[in-house]
Structure formats: C-alpha cells, structure tokens
Amino acid sequence: AWDIGQAHARLVRRVGLLSTLDAGVELYATSWDSPGFLNDSLFRLHDYGVVANATDGGVKRRAQERVSYRTLLGSALWRSTFYATQGRWQLFLTIPPEPGSGEGTGSQTEEEDRRYGFGATSALTWAMGRGEVTAGVEGRWDHSDYGNWLTTARQRDSAQAVVAARQGSAAVFVQASLDVTQHLRASAGARLAAQDTRSAPAAGAAASGAHTVLVPKFGLLYHIPDFGAVYANVSRGFRQTDGVVRDPTLPFITEWAYEAGVKLDTRTVSGSAALFRVEVSDEQTFDPIRLRSTSGGASRRQGLELDLTVRPATGVTLAADWTVNDARYRHLVTETDTLDGARVYNTARYVGTVGVTVAPRDGWRVGASVNVVGPYSPFDAPGVELPAYALVQLSGGVRVWKGGELLVGIRNALDRAYPELRAGAYVSPGQPRTVYATLRVTP
C-alpha cells in the first residue's frame with residue numbers, strides 16, 4: 001500500500017524592465033507498507049499476498065525552496081539561483097533466510113537518513129556575433145545524520161552504523177558555442193569540481209576525503225537544409241559514489257561518453273539514430289535488497305539508439321524509440337564473484353516504446369503505448385538472464401473547462417506480472433493494473 005502526496009508553488013515577477021525574479025517551493029511525501037519482496041517461487045505463482053514482516057515499510061519526505069534572478073547587462077545575461085533542501089528517508093526491511101543462497105538474516109533492519117543543505121549557482125552568458133560564451137560558479141553544502149539498526153517490530157535492538165556527515169562542494173565551469181560556417185556549429189566546455197566530505201561515526205574515529213575532477217566536453221553539428229543534421233560528441237562525466245557518507249575516501253565514478261549520429265527533421269517526420277559508447281571507471285554495483293555495494297571496477301556500455309515520430313494526419317502522432325545496449329563489466333570483483341565480461345546488472349539488452357496519440361482540436365485526446373524491456377541479469381546473479389516482457393499503457397484527457405483538464409489512464413492494462421526489481425533469489429513485483437486520474441488546472 002502506498003500513500004503519495006506532492007505540491008508545488010511558483011511565483012514569477014518582473015523587476016524593472018530587464019530583470020525577473022522567480023521563486024518556488026516543492027514538497028513531496030510518500031509512505032508505504034511492506035516493500036513486498038518475495039522469493040522467486042512465490043513470484044512465479046503470482047502469490048503477492050505474502051509479507052515477510054507486517055511491520056516493514058517506510059517513509060520519504062522531501063522539500064526544496066529556491067529563488068532565481070535573471071537580468072540583462074548589455075549584451076550579457078546574468079542568472080543566479082539560491083536554494084535550500086530538507087529530507088528524511090526511513091526504511092524497515094526484513095529479508096527471510098533463503099536456503100542455499102546465503103541471503104537474508106531473518107532480522108528486520110532500519111535505515112534512516114535525515115539531511116539538509118544549501119546551494120547556489122551563478123552564471124554569465126555573453127552573446128557574440130557567431131556564438132556565445134557562458135562562465136559560472138556553483139557551490140553546495142549538505143549535512144546528513146545516517147543510521148542503520150537491527151530492529152524488532154520497528155524497535156531498535158542494536159546499532160550497525162550511526163554517522164553524522166557533512167559535505168561541501170564547489171565548481172567553476174565555462175562553455176562556448178561557435179558557428180564556424182553557415183551550417184557547421186562547434187561547442188566546447190569544461191567543468192572543474194571539488195568535493196570535501198567528513199564523516200563522524202558515533203563509535204570510531206572520524207574520517208575525511210577530498211576529491212577533484214575535470215570534465216571536458218566537445219561537439220560538432222553539421223546542419224543539412226531540408227533534412228536535419230549529423231553530429232558527434234565526446235564528453236567526460238562523473239557522479240558521487242554511493243556510501244560516501246560512511247566512507248569519504250570513495251572516489252568519484254567517472255565515464256567517457258562518445259556519440260555520433262544523424263537527426264531527421266521534416267514537416268511530418270522527425271527522428272534520430274545514434275551509435276554510442278560509454279567507458280566507466282570506478283564502477284559500482286549495488287544490491288538494493290541486501291543494501292551492499294562493491295566499488296572499484298570498470299565497465300563498458302555500447303549500442304544503438306533510434307527515435308522516430310511520424311505525424312500522418314492532423315492530431316495523430318505515431319512515436320517509437322528503441323535502444324540496443326551491450327553493457328558488460330570489464331573488471332569487477334565482489335564478495336562472491338569475479339564479474340569480468342559479465343553483463344552489467346539490471347541493464348536490459350534492449351528497451352523500447354511504441355505508441356499512438358490522437359488529439360483532435362475539440363479538447364480531448366487518447367493514447368496507447370507498449371513498453372518493451374529486453375532480457376537482463378538481475379542483481380547478484382551473474383550468468384542469469386530474465387526473459388523480456390512488454391507492458392500496455394492507455395491514457396486519455398478531456399478539457400472540462402477553460403484552463404482545466406482531466407487526465408485518466410491505465411498502467412499495465414493487461415495486468416502483466418513482471419519483476420520491478422530482482423536481486424539474488426528475491427523479487428519485488430512490478431505495478432499491477434492501475435487506474436489513475438489527474439486534474440490539471442492552469443490559471
């Protein structure tokens with residue numbers, strides 16, 4: 001059972017002739033009963049009523065407040081944003097012992113993370129005759145109180161980890177684009193980021209770690225009149241490693257991404273086709289059920305992306321997208337396996353969507369789509385591949401008054417049983433047939 005609520009408010013005001021102030025608040029809350037992890041035999045029998053522990057469940061709360069300011073300074077645009085965040089995440093989870101698999105302690109565990117933070121970003125963009133240049137800075141500071149306990153019916157028995165951590169980060173960035181010729185555009189940029197994390201466990205010595213990373217990017221696009229364009233991009237990216245709140249010395253996960261493709265854009269047809277390759281360093285795999293991670297590996301993802309939209313008649317749109325992805329660990333050693341050459345966990349060989357939308361001009365629309373997920377290896381099961389599956393989605397909308405629209409839909413209309421998540425011998429079933437309705441009001 002789920003209980004989800006969200007709300008947001010936004011205020012935009014012009015300040016003088018050349019400046020704009022934009023402020024907003026976003027709130028999100030959800031709670032749920034037992035996560036519903038089943039062993040594989042129960043999942044195959046569609047026996048979803050089994051609950052390992054009726055006191056399992058969790059809550060998530062998140063809030064963000066922001067203020068943005070934009071102003072023109074001659075031929076330059078200056079924009080700045082200041083924001084604050086608050087959040088709480090709590091989960092009670094029981095994993096029953098699974099004979100012969102080594103999974104599950106039979107004890108309930110509690111994880112809780114309470115955090116708050118502040119941040120700001122500011123950038124200046126100069127417009128030039130044949131291009132533009134943007135330079136900026138940003139910074140962020142966060143505090144987190146994290147705990148992990150063994151519990152009984154949500155009563156804490158003993159602590160496995162209690163940590164207070166703070167993290168500061170800062171970055172400078174610059175990017176530019178230039179029309180080399182009438183049809184050829186080049187873009188380039190770079191970002192230098194630094195991060196410092198300090199972790200203070202309730203028992204044990206404090207630890208800290210500081211890291212820096214430089215991420216450049218470069219791209220070329222050649223426009224072909226009455227057809228579209230061809231392009232090529234090279235970039236480096238990074239993200240923070242999971243678990244840094246307990247081990248600040250964990251390095252960034254970095255990747256080099258390469259992409260080349262063609263774009264089609266005509267009056268009735270638009271689409272793209274691209275070849276891609278992503279080389280990941282300091283790869284991390286994370287078991288979302290046992291909440292264990294392994295870091296320090298490397299992987300490669302490469303394949304083909306296709307996207308096509310056709311408008312054969314007024315108000316009718318046919319759309320399809322398809323991605324073929326050969327994702328393999330180049331090197332990664334976990335507690336139990338050496339994954340060199342194995343498929344990256346939870347990454348399907350292919351995914352795709354095919355859909356049609358009919359939207360006449362008299363205020364209503366209907367749509368249908370099919371989502372396809374190809375075979376993939378579940379977490380902690382090298383060499384195992386789950387079969388492909390497809391889900392049918394239906395949707396519709398009607399204008400009920402000026403500025404008001406009622407949206408209705410059915411997710412998983414055929415009530416297909418599928419695993420939302422699988423790790424080892426445990427499965428979290430996917431969403432069954434679900435009917436939803438939304439009232440959208442635009443002042």
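Arg 88, Glu 110, Glu 112, Arg 114 and Arg 156 are linked in a network of salt bridges. The structure in which this network appears is a predicted model. This report describes its salt bridges, its strand pairing, its nonpolar cores and a nonpolar patch on its surface.

## Salt bridges

Across the whole structure, a search finds 21 salt bridges. One of the pairs within the network is Glu 112 with Arg 114, whose closest N and O atoms are 3.0 Å apart. The two partners differ in their surroundings: Glu 112 is buried, because its relative accessible area of 8% is under the 20% limit, whereas Arg 114 is partly exposed at 42%.

Two further pairs may be set beside this one. Arg 328 forms a salt bridge with Asp 326; Arg 328 is partly exposed, with a relative accessible area of 33%, and Asp 326 is partly exposed as well, at 28%. Glu 385 forms a salt bridge with Arg 349. Glu 385 lies in the loop between E17 and E18, and Arg 349 in the loop between strand E15 (316–331) and strand E16 (350–358), so this pair ties together parts that are 36 residues apart in sequence. Glu 385 counts as partly exposed at 34% relative accessibility, and Arg 349 is partly exposed with a relative accessible area of 33%.

The three pairs are listed below with the separation of their closest N and O atoms.

| Acidic residue | Basic residue | Closest N and O atoms |
|---|---|---|
| Glu 112 | Arg 114 | 3.0 Å |
| Asp 326 | Arg 328 | 3.1 Å |
| Glu 385 | Arg 349 | 2.8 Å |

## Strands E4, E5 and E6

Strands of a sheet pair through backbone hydrogen bonds, either parallel or antiparallel. Strand E4 (residues 57–73) and strand E5 (residues 76–94) run antiparallel and are joined by 17 bridges. Together, E4 and E5 form a hairpin with two residues between them. In the turn of this hairpin, Gly 74 has a positive phi of about 70 degrees.

Strand E5 also pairs with strand E6 (residues 108–127): the two run antiparallel, and 19 bridges join them. Arg 79 illustrates how E5 is placed, since this residue has a partner in each neighbour. Arg 70 stands opposite Arg 79 in E5, and Arg 79 in turn stands opposite Ala 123 in E6.

## The open sheet of three strands

Three strands form an open sheet in the order E3-E21-E20, with antiparallel pairing. The edge strands are E3 (38–39) and E20 (419–423), each of which pairs on one side only. Four bridges join E20 to strand E21 (residues 426–429), and these two strands run antiparallel. Among the residues involved, Ala 423 has Tyr 426 in E21 as its bridge partner.

Pro 419 lies in strand E20 and is buried, with a relative accessible area of 12%. Leaving aside residues up to four places away in sequence, Pro 419 touches Phe 43, Tyr 376, Leu 386, Tyr 389, Val 427, Ser 428 and Gly 430. In contrast to these contacts, Val 400 is 19 residues from Pro 419 in sequence and 37 Å away in space, C-alpha to C-alpha.

## Nonpolar cores

In soluble globular proteins, nonpolar side chains tend to be buried together. The largest nonpolar core here has nine residues: Ala 327, Tyr 329, Leu 332, Leu 339, Ala 342, Val 344, Tyr 345, Phe 379 and Ala 423. A second, separate core has seven residues, including Val 373, Leu 386, Leu 391 and Tyr 418. Ala 423 belongs to the largest core and is also the bridge partner of Tyr 426. Leu 386, from the second core, is one of the residues that Pro 419 touches.

## A nonpolar surface patch

Which residues make the nonpolar surface patch of about 750 Å²? The patch is made by Trp 364, Val 366, Val 398, Val 400, Trp 401, Leu 406, Val 408, Leu 439 and Val 441. The elements that give two or more residues to the patch are strand E17 (364–373), strand E18 (389–401), strand E19 (404–411) and strand E22 (434–441). The largest share, three residues, comes from E18. Val 366 has its place in strand E17 and is partly exposed, with a relative accessible area of 40%.

Definitions and conventions
Residues numbered from 1 in each chain as written. Predicted model: local features only at pLDDT ≥ 70, side-chain atom pairs only at ≥ 80, totals over all residues. Heavy atoms only, no water. Core = buried A, V, L, I, M, F, W, Y, C linked by side-chain atoms within 4.5 Å. Buried < 20%, exposed > 50% of the residue type's maximum accessible area, 1.4 Å probe, protein only. Pairing = 2+ DSSP bridges. Contact = heavy atoms within 4.5 Å. Patch = residues over 30% accessible without salt bridge, like charges linked within 9 Å, V, L, I, M, F, W, Y side chains within 5 Å. Areas by Shrake-Rupley, 256 points an atom, 1.4 Å probe, with all protein chains shown as cover. Salt bridge = Lys/Arg side-chain N within 4 Å of Asp/Glu carboxyl O.
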